[in-house]
Amino acid sequence: MLTGMKHLHSTLAIILLVALVISIVITAVNYFQAKPYNRKIALFGLMAGHIQLLVGLVLYFTSPLGLQSFSGENMSNSLARLYFLEHPLTMVLALILITVGYSKAKKAEDYAANRTVFFMYTIALILILTRIPWSTWSLLN
Ligand code: HEM
Ligand code: HEM
């Protein structure tokens, strides 16, 4: 079960990164060319993000690298701290930005919608890229 969730989380990470890049590029093109907002593209990024959030939360409460390793002692271990604190916290924050961006865009006119999704999704992607456990990611190692 844990192994399955880890594989799922790892695969969804790739899907989310691709979804965000596609959402950002298409929204940026629409923004700079003053074209209509494409809600379906933004929804692609939102859904990939929400599914990953759900799987990440399950992992956080089941994996030995999640909540179970939350301790004062582990605070000084940078890899442990990445897994039990920095990774989950940053990813939740990124997902909040994506959700707020998507929701605000839903009620805005085209120009503002494109701008909101472009900025919020880009900041979220940067946050995500800074806290992926690159050095230990099973897909890359
Ligand atoms: C930890 C789990 C989750 C949380 C906390 C969460 C939270 C939220 C919130 C707060 C919104 C509101 C956006 C708005 O104001 O319109 C939202 C929308 C949405 N969520 Fe999630 N979600 C979760 C899991 C999922 C999952 C597993 C899916 C499956 C695909 C999903 C799909 C969606 C979709 C499609 C919308 C937007 C619908 C729309 O307004 O067009 N979410 N979610
Ligand atoms: C939203 C974007 C997220 C991305 C792109 C992402 C990506 C990743 C990646 C690439 C790994 C390494 C997996 C491996 O080595 O096979 C990982 C591990 C992990 N993630 Fe996430 N994650 C996200 C969100 C979350 C969230 C929201 C939580 C918890 C609230 C979370 C909790 C964890 C945990 C506990 C692990 C360690 C699992 C283990 O190896 O036992 N992740 N994540």
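1. Let's start with H9 and ligand 2: an N or O atom in the side chain of H9 sits 2.7 Å from a nitrogen atom of the ligand. Please keep in mind that this is a predicted model, so read the distance as a computed one.

2. H87 makes a similar kind of approach, with a side-chain N or O atom 2.8 Å from a nitrogen atom of ligand 2. For S138, the partner is an oxygen atom of ligand 2, and the separation is 2.4 Å. You may want to look at each of these pairs in the viewer.

3. Which residues come nearest to ligand 2? They are H9, G56, S63, H87 and S138, out of 23 residues around this ligand.

4. Ligand 1 has 13 residues around it, and L46, H50, Y102, S103 and K106 come nearest. Three of these names return in the polar pairs. A nitrogen atom of ligand 1 lies 2.9 Å from a polar side-chain atom of H50. On the oxygen side, the side chain of Y102 places an N or O atom 2.7 Å from an oxygen atom of the ligand, and a polar side-chain atom of S103 is likewise 2.7 Å from an oxygen atom of ligand 1.

5. Where does the shell around ligand 1 come from? Both α2 (39–62) and α3 (78–107) supply at least two residues each. The largest share, nine residues, belongs to α2.

6. I132 deserves a friendly mention too. This residue is found in the segment after α4 (110–130). Is I132 buried or exposed? I132 counts as buried because its relative accessible area is 9%, under the 20% cut-off. Leaving out residues up to four places away in sequence, I132 touches L17, H87, M91 and W137. H87 is thus a neighbour of I132 as well as a polar partner of ligand 2. I132 and P88 are 44 residues apart in sequence, yet their C-alpha atoms are 9.7 Å apart.

7. On the overall fold, the protein has four helices and zero strands, running α-α-α-α from the N terminus. The C-alpha trace spans about 50 × 30 × 25 Å along its principal axes. Of the contacts between residues at least 6 apart in sequence, 72% join residues at least 24 apart.

8. Finally, the surface. Of the 141 residues, 40% count as buried. The accessible surface comes to about 8,000 Å², and carbon and sulfur atoms account for 71% of that. As for charge, there are 10 positive and 4 negative charges, whose mean positions are 8 Å apart.

How values were computed
Residues are numbered from 1 along each chain as its sequence is written. Chains are lettered from A and ligands numbered from 1 in the order in which they are written. This is a predicted model: local features need pLDDT of at least 70, side-chain atom pairs count only at pLDDT 80 or more; totals for chains, interfaces and linings use all residues. Side-chain values use heavy atoms; hydrogens and water are left out. Buried means under 20% relative accessible area, exposed over 50%, partly exposed in between (1.4 Å probe, protein chains only). Contact means heavy atoms within 4.5 Å. Accessible areas come from the Shrake-Rupley method with a 1.4 Å probe; for residues, only the protein chains shown count as cover. Lys and Arg count as positive and Asp and Glu as negative; His and the chain ends are not counted. The place of a charge is taken as NZ of Lys, CZ of Arg, CG of Asp or CD of Glu. A residue is near a molecule or strand if one of its heavy atoms lies within 4 Å of it. A polar contact is a pair of N or O atoms within 3.5 Å; within protein, one must be able to donate a hydrogen and the other to accept it, and residues adjacent in sequence count only if both atoms are side-chain atoms.
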